[in-house]
Amino acid sequence: MAQAPDPSTVPTAIHSPPAPEKGWKGFRHPAFLGHLGADIPASLVVFLVALPLSLGIAAASGAPIMAGLIAAAIGGIVAGSLGGSPLQVSGPAAGLTVVVAGLVQEFGWQVTCAITAAAGVVQLLLGISRVGRAALAVSPVVVKAMLAGIGITIILQQLQVLLGAEPAGSALENLGALPGAITNVELHAALLGLTVVGILLGWKYLPAAVRRVPGPLAAVVTGTALSVAFAPGVQRISFEGSIFDAVALPQLPEGNWRAVAFAVISMALIASIESLLSAVAVDKMHRGTRTNLNRELVGQGAANIVSGSLGGLPVTGVIVRSATNVEAGAATRASAVLHGVWVLAFSAIFAGLIQLIPMSVLAGLLVVIGARLIKVADIRTSLRTGDLLVYVVTLLCVVFLNLLDGVMIGLALAAASVLWRVLRAAVHAHQPVSPSDPWRVTIAGSCSFFALPRLNRVLHSVPAGMDVVVELNADYVDHAFREALIAWQDQHQAAGGTVHLEEHGNTLFQDAAHRAPQRQEARELPLPPRTSWQAAASAGDGTGAAGDGERTTDPAGRHSSPLGSLLEGINKYHRRFADQVQPLVQDLADGQNPDTLFVACVDSRVNPNLITSSGPGDLLTLRNIGNVVCHEGQDASIDSALSFAVKGLNVESIVIGGHSNCGAMKALIEDANGNGNPDLGAGFDAWLNHARPSYRELAGHPVAREAAAAGYGLVDQLAMVNVAVQLGKLECHLLVGPELATGRLTATGLFYDIATARVLLVEPGGIRFLDPAQAAAKTGAAALAR
């Protein structure tokens, strides 16, 4: 049975063929004989699965019954020998039943055979032209919906046969005739068909020893045996002669060449897509040679040329037979070829047995095949990914129009959906939290002329005369978008307002003024912690590939040691960022000129450059335990850093930066409670003397009161008080104090809340939130607490 060739739906077991083939002559490789012990049993299992399915698909297609067996034999022998997927099994597939049935009804069987052969020529040319991978550029949701639509069409058609009626030409007619078929049901036929359905649905619950027999074969044999014993008068498969007598030469159509050409292209594309997607799925099931997609098209094209020339159904790669082949232990393409030989031999020798099979038994088999083409998981996935509309529209058009129209409409809708998502820009205006704050306009995404209506609507919602900050985070900016934004900027400034443009995206705004728009390589700053992307890489597929598809192993191949982790980071820096950083530091090669000395804690979670949006050369950083300073003469390292910053580099400001959940503050509290940690040593205890004044001032300090009112715990209150106390020490310092008094130097206190990634301003008399949104949230929380 032909199921959706979706890699996510194939069995997860992975098999390793003992000796993968190489090149176009793999079938004649001497290793071929060495693997017959694995290939012969696997080929017999696939043969038993393919036999009833081929008969059922032929019946559903309105073709001669033997046409299914001809296609199965040729698919195995020709496509198996020449195709690019060593373990894929080809033959007639349910995915083309609707197409073939329509062609047979419109042109007749022999013209349909000519169309099949011509489609094979198109596939052959596609393979020779090396465009195999291009056939995969089809939205998976359209393929899944197409197969589900085919499944519904098959069910509606075969329910008529199962009930003893004649199927109509379209799904709508079959649906309308269903009540009448139920009313005039032929009881014996219906019972046989339902028996087959019951066996197939319950087969997976039987013991493993029983399940070694393929379910479709067991169901057809059981249904046929019951019919011979209890219902000899039911309608059965009928044909004359053997498989060789069924060979029918193709016939050219009489006019209407445009429709024939359209049918050839349609069949070629659908067969190619189904075969290639099936091959990709099979590749995920084993560790042998990967599929050569261009060669696979050549093999499928050759098989369809031969099948159409000899009166067989169209041939495609079939995922269920291929999965059976892999699971049965096949090692080389010999298994697929031998399965075709067995089909040919059986059809020639035991053709009489085939005529014992009732049509309702095959109908029951096909109803289950059709139902399995409709996957609830695909519907859930399309709902989760926002593609449900594409899925539903494609399915309905396939069922109630025709297959090609449904696929074309689905592809057009999927393309429109992609354009909408890719070309849509998110433009929003944010009112200021306080009167002194500016309006914020945020623009993100692809900024093209498609976004101009929304851009103008949002921009003109900002009141005239207001200060505005425009935050542009774009991956694409065209000239029309830039022109519209500049025109609004001029208009707004002429009305007395101000407009400040900040760029955070990959594409520079000014580039749209003098060159063709283009997408720029994504920048990954600010960087995530190294542990996040390295952990994602090591938890992946075991190849050491990071989330961005790059190797993360260091030159020595180390992963577990700290040095190995650091070298991985350096490796990524050299590959991704060194060229971007070089222009920023080339003017700093001979000296530095920072404007700020940032005194920070040694805590690894605190990154002064990140929280101040500073780059190379902006900050001179002094880090120690507890972000402390001292009175002159108490610590040479702190004194020398202050002297170098103020007198050597002439910095303009000093920042004391504390942070939440500080270990030094915890140690102060524990020590005051008599629970100090002696293992840290006398040196650590002596260093805490620089911060102990902060603990003594904690009770009643205005900073502590405001921090407590904002909901911060004792440790964070102490950390904020510590920042205020260190600022006071700077005022008394013999070197820094006079500079602060004259105003040449400023001192600022900051507190970094790790949990929210927000920064607060710490002043001698209290704290102030620098993020207006955080201030509003804290104010609301405090009001609720009261």
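## Asking why: labels in a predicted model

Me: Hello! What share of the 786 residues of the chain counts as buried?
Reply: Of the 786 residues, 48% count as buried. Keep in mind that this is a predicted model. The chain has 32 helices and twelve strands, and its accessible surface comes to about 36,200 Å², with 61% of that belonging to carbon and sulfur atoms.

Me: Why is Asp603 called buried?
Reply: The relative accessible area of Asp603 is 14%. Buried means under 20%, so Asp603 with its 14% gets that label.

Me: And what makes Arg605 partly exposed?
Reply: Arg605 has a relative accessible area of 37%. Partly exposed covers what lies between under 20% and over 50%, so the 37% of Arg605 puts it in that class.

Me: How do you know that Arg605 and Asp603 meet in a salt bridge?
Reply: Their side chains come to 2.8 Å, N to O. The cut-off is a Lys or Arg side-chain nitrogen within 4 Å of a carboxyl oxygen of Asp or Glu, so this Arg and Asp pair at 2.8 Å qualifies. By this rule the chain has a count of ten salt bridges.

Me: Which residues are linked in a network of salt bridges?
Reply: The network links Lys647, Glu739 and Arg744. Glu739 takes part in two of the pairs: with Lys647, the closest N and O atoms are 3.1 Å apart, and with Arg744 the N to O value is 2.5 Å. Both values are within 4 Å, so each pair counts as a salt bridge.

Me: What makes the pair of Lys647 and Glu739 a tie between parts of the chain?
Reply: Lys647 belongs to helix 25 (residues 636–648) and Glu739 to helix 31 (residues 736–742), so their pairing ties together parts that are 92 residues apart in sequence.

Me: Are the members of this network buried or partly exposed?
Reply: Glu739 is at 14% relative accessibility and counts as buried. Lys647, at 47%, is partly exposed, and Arg744, at 34%, is partly exposed too.

Me: Let's turn to the sheet. What is the order of the four strands in the open sheet?
Reply: The order is 3-4-5-6, with mixed pairing.

Me: Why do strand 3 and strand 6 stand at the edges?
Reply: Strand 3 (425–430) and strand 6 (498–503) each have a single partner strand, so one side of each is left without a neighbour in the sheet. Neighbouring strands are turned by 15° against each other on average, direction ignored.

Me: How do you know that strand 3 and strand 4 pair?
Reply: Six bridges join strand 3 to strand 4 (residues 439–447), and the two run antiparallel. Pairing needs at least two bridges, so six are enough. One of the bridge partnerships is that of Ala425 with Gly445 in strand 4.

Me: Which helices lie on this sheet?
Reply: Helix 19 (residues 452–459) lies across strand 3 and strand 4, at about 5° to strand 3. Helix 20 (residues 479–494) packs on the sheet as well, touching strand 4, strand 5 (467–477) and strand 6, and its direction makes about 175° with that of strand 5.

Me: What makes the nonpolar surface patch?
Reply: Leu172, Leu175, Val392, Leu396 and Phe400 make this patch of about 430 Å². Helix 17 gives the most, with three residues.

Me: Why does Leu175 count as partly exposed?
Reply: Leu175 lies in helix 7 and has 40% relative accessibility. That value is neither under 20% nor over 50%, so Leu175 counts as partly exposed.

Note on methods: Residues numbered from 1 in each chain as written. Predicted model: local features only at pLDDT ≥ 70, side-chain atom pairs only at ≥ 80, totals over all residues. Heavy atoms only, no water. Axes fitted to C-alpha atoms, helices over the stretch in contact; angles between N-to-C directions. Contact = heavy atoms within 4.5 Å. Patch = residues over 30% accessible without salt bridge, like charges linked within 9 Å, V, L, I, M, F, W, Y side chains within 5 Å. Areas by Shrake-Rupley, 256 points an atom, 1.4 Å probe, with all protein chains shown as cover. Buried < 20%, exposed > 50% of the residue type's maximum accessible area, 1.4 Å probe, protein only.
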